[in-house]
Amino acid sequence: MNTTKKTLVLAVALGLSANAFAAQDKVVVASTATVQTLNPHNAGVTMDMSIANAIYDGLFKFDENMQVQPNLATGYEVKDNGKTYVINLREGIKFTDGTAFNAEAVKFNFQDEIDKKQRRASLLSNVESFKVLSEYSLQVNLKSPSNTFINNITHPSQGIISPAAIEKYGEDIKSHPVGTGRFVLNKWIRGSKIVMDANPNYWGEPVKVQHLEFRAVPEAGSRLAMLKSGQAQVMLQLPTTMKPAVSGDKKLDAIASPSIIARYYAINTQNPILANADVRRALNYAINKNAFKKVVFSGQADLMESVIPNKIETFEAQTPYGYDVAKAKELLAKAGYADGFEAVIWAKNTTTSMRAAEFIQQQLSAIKVKTTIVPRDVASHYSAGDGINNDGTPPVLFDSGWSSSSGTVDWATRPLFSSKQDGTSNYSYYQNAKVDQWLVDGQKTLDPVEKANIYHNVQSTIWNDAAGLWTTVDTQLWAKSKKVKGITMLPDGSLAITDVHYE
């Protein structure tokens with residue numbers, strides 16, 4: 001009897017249909033996002049890293065409270081007052097192509113990321129050198145003391161890739177991922193879905209589902225229909241308006257997870273109009289943030305009170321940009337734009353992003369700022385953001401979201417507001433020499449008081465410069481089948497796919 005027939009016989013014996021048995025063999029995640037890359041080192045979107053990290057493991061991982069836990073590494077030692085770290089690794093692990101996981105492999109990954117100037121290499125910008133102490137022990141020497149290094153390498157972008165695969169595929173490793181994780185890539189239909197199979201040789205507990213699939217479904221109603229029909233077992237970004245449809249279904253759970261995800265519109269400061277700080281302040285005063293929260297998130301969000309969420313270390317609330325249309329008009333007139341101007345809102349083509357863009361558009365019309373909305377799928381949106389000024393300097397308000405996936409204030413600020421090379425997600429193209437220096441100094445100090453003072457300066461300066469149009473901090477609302485366990489939404493918005501299984 002062949003395997004398929006055996007499976008069917010077993011299903012019948014258990015009183016299950018063949019379709020029910022197949023469903024127990026697969027978990028489908030309905031996401032809003034298309035995927036740009038399966039190379040986490042070069043990923044710009046948290047969801048790309050989450051998907052990639054079903055295939056890759058990092059040296060460490062975050063728990064539900066963003067506390068660092070061992071993973072491929074068993075622990076670490078700090079020496080030389082924070083300038084030297086010794087990382088101890090698990091033994092006997094292999095990548096899925098048979099390559100040995102060891103200190104040389106970790107060194108290769110970090111050095112390759114630095115040498116190729118991958119998107120997340122700024123997490124390693126303080127590294128001076130590496131030294132392999134033994135097969136399973138790596139010493140990392142830093143240029144200066146660091147209070148963030150272990151958190152930096154726990155960031156979901158720091159999955160460890162097979163060195164042999166990197167050498168074999170080069171840039172195309174983004175389509176041929178080879179890790180030590182629970183799953184291996186089966187197929188990737190770009191713009192549609194990614195299918196993964198269980199890694200039969202996973203170093204941890206055996207993987208309990210044979211297939212894991214991520215489907216890109218931008219429209220929330222379609223994701224909900226998939227969840228309720230059983231075509232998907234997990235639905236990301238459940239709109240609050242649809243929560244009753246989930247809560248009323250005994251087979252489903254609606255989950256509200258706290259977050260450190262900041263929502264704002266990056267303002268292209270290189271544009272001649274938007275380069276004027278008074279214009280940017282006017283945009284902030286023109287938006288009724290409480291109404292925005294109610295309309296876009298049905299009240300299920302917190303207002304941004306600084307340039308970082310309030311759960312991030314060193315948070316300090318700033319003087320609010322209250323809803324004041326008269327003040328906004330006054331500032332525009334002062335800047336020479338009493339009759340307004342035209343701008344473009346770049347949005348994602350998801351339900352929530354479009355609702356937010358339409359609200360902003362309506363609010364800005366009250367101060368004679370006429371906007372056009374340009375929607376793109378998520379991957380294309382952020383790709384366009386990387387080149388906002390490639391064709392002139394358009395007056396763009398760019399729908400942005402950011403979470404400090406290292407759990408640090410450094411990563412909540414430096415990629416967004418540094419004008420140096422490590423400002424990899426500085427979609428405002430913001431430039432401030434003082435801020436640049438503070439962002440360097442903030443990584444080095446081991447004095448918590450000095451660190452707090454530095455980042456208080458960072459927050460107040462960027463806020464007062466109005467480098468963004470600040471809106472909300474997410475409450476992450478998502479849904480899943482009650483039977484599915486082992487998938488968790490972390491505060492940074494990444495999925496932790498641990499012991500995924502049916503119960």
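This is a short walk through one helix, one serine and the enclosed and open spaces of a predicted model.

Let us begin at helix 10, which spans residues 289-297. Just ahead of the helix, Asn288 acts as the cap of its N-terminal end, with a side-chain oxygen 3.3 Å from the backbone nitrogen of Asn290. Beyond the other end of helix 10 comes Ser298, and the phi angle of Ser298 is positive, near 50°.

Which residues of helix 10 are buried? They are Lys289, Phe292, Lys293, Val296 and Phe297. These residues lie on the same side of helix 10, because they cover an arc of only 100° around the axis. If you turn the model to look along the helix, this is the side to follow. What do the buried residues of helix 10 pack against? Their partners are two helices and two strands, namely helix 9 (277-285), helix 12 (351-365), strand 13 (301-303) and strand 17 (468-481).

Our next stop is Ser404, which sits in the loop that runs between strand 16 (396-403) and helix 14 (409-417). Is Ser404 buried or exposed? Its relative accessibility is 2%, so Ser404 counts as buried, given that the cut-off for buried is under 20%. A polar atom of the Ser404 side chain lies 2.5 Å from the backbone oxygen of Thr408. Leaving aside residues up to four places away in sequence, Ser404 touches Met66, Ile260, Ile312, Trp411, Ala412 and Asp492.

Now for the spaces inside. Searching the whole structure gives six cavities of 30 Å³ or more. The largest cavity has a volume of about 910 Å³. Its lining is made up of 48 residues, and the closest to the centre are Gln237, Ile261, Arg263, Lys348 and Asp474. Several elements met above return here: helix 10, helix 12, strand 16, helix 14 and strand 17 are among those that each supply at least two residues of this lining. Helix 3 (46-52), strand 12 (252-267) and helix 13 (378-385) do so too. Sorted by class, the lining of the largest cavity holds 22 nonpolar, 20 polar and six charged residues.

The second largest cavity contains about 80 Å³ of space. Of the 14 residues that line it, Ala33, Val35, Ser192, Phe214 and Ala216 are the closest to its centre. Strand 8 (183-189), strand 9 (193-198) and strand 10 (211-216) are the elements that give two or more residues to this lining. Strand 10 provides the largest share, with three residues. By class, the lining of the second largest cavity has eight nonpolar, three polar and three charged residues.

Finally, let us turn to the pockets. The largest pocket has a volume of about 560 Å³. There are 32 residues in its lining, and Lys61, Phe62, Asn71, Ala496 and Ile497 are the closest to the centre of the pocket. Which elements give two or more residues to the lining of the largest pocket? Strand 2 (60-62), helix 5 (149-154) and strand 19 (495-502) do. The largest share comes from strand 19, which gives four residues. The lining of the largest pocket divides into twelve nonpolar, 14 polar and six charged residues.

Methods. Residues are numbered from 1 along each chain as its sequence is written. This is a predicted model: local features need pLDDT of at least 70, side-chain atom pairs count only at pLDDT 80 or more; totals for chains, interfaces and linings use all residues. Side-chain values use heavy atoms; hydrogens and water are left out. Buried means under 20% relative accessible area, exposed over 50%, partly exposed in between (1.4 Å probe, protein chains only). The arc is that of the directions from the helix axis to the C-beta atoms. Contact means heavy atoms within 4.5 Å. A polar contact is a pair of N or O atoms within 3.5 Å; within protein, one must be able to donate a hydrogen and the other to accept it, and residues adjacent in sequence count only if both atoms are side-chain atoms. On a 1 Å grid over the protein atoms alone, a cavity is a set of points where a 1.4 Å probe fits but cannot get out, and a pocket is an open set with protein on both sides within 12 Å along at least five of seven lines; lining residues have an atom within 4 Å of a point. Grid points are joined across faces, edges and corners, and a volume is the space filled by probe spheres set on the points. Ala, Val, Leu, Ile, Met, Phe, Trp, Tyr, Cys and Pro count as nonpolar, Asp, Glu, Lys and Arg as charged, and the others, Gly among them, as polar.
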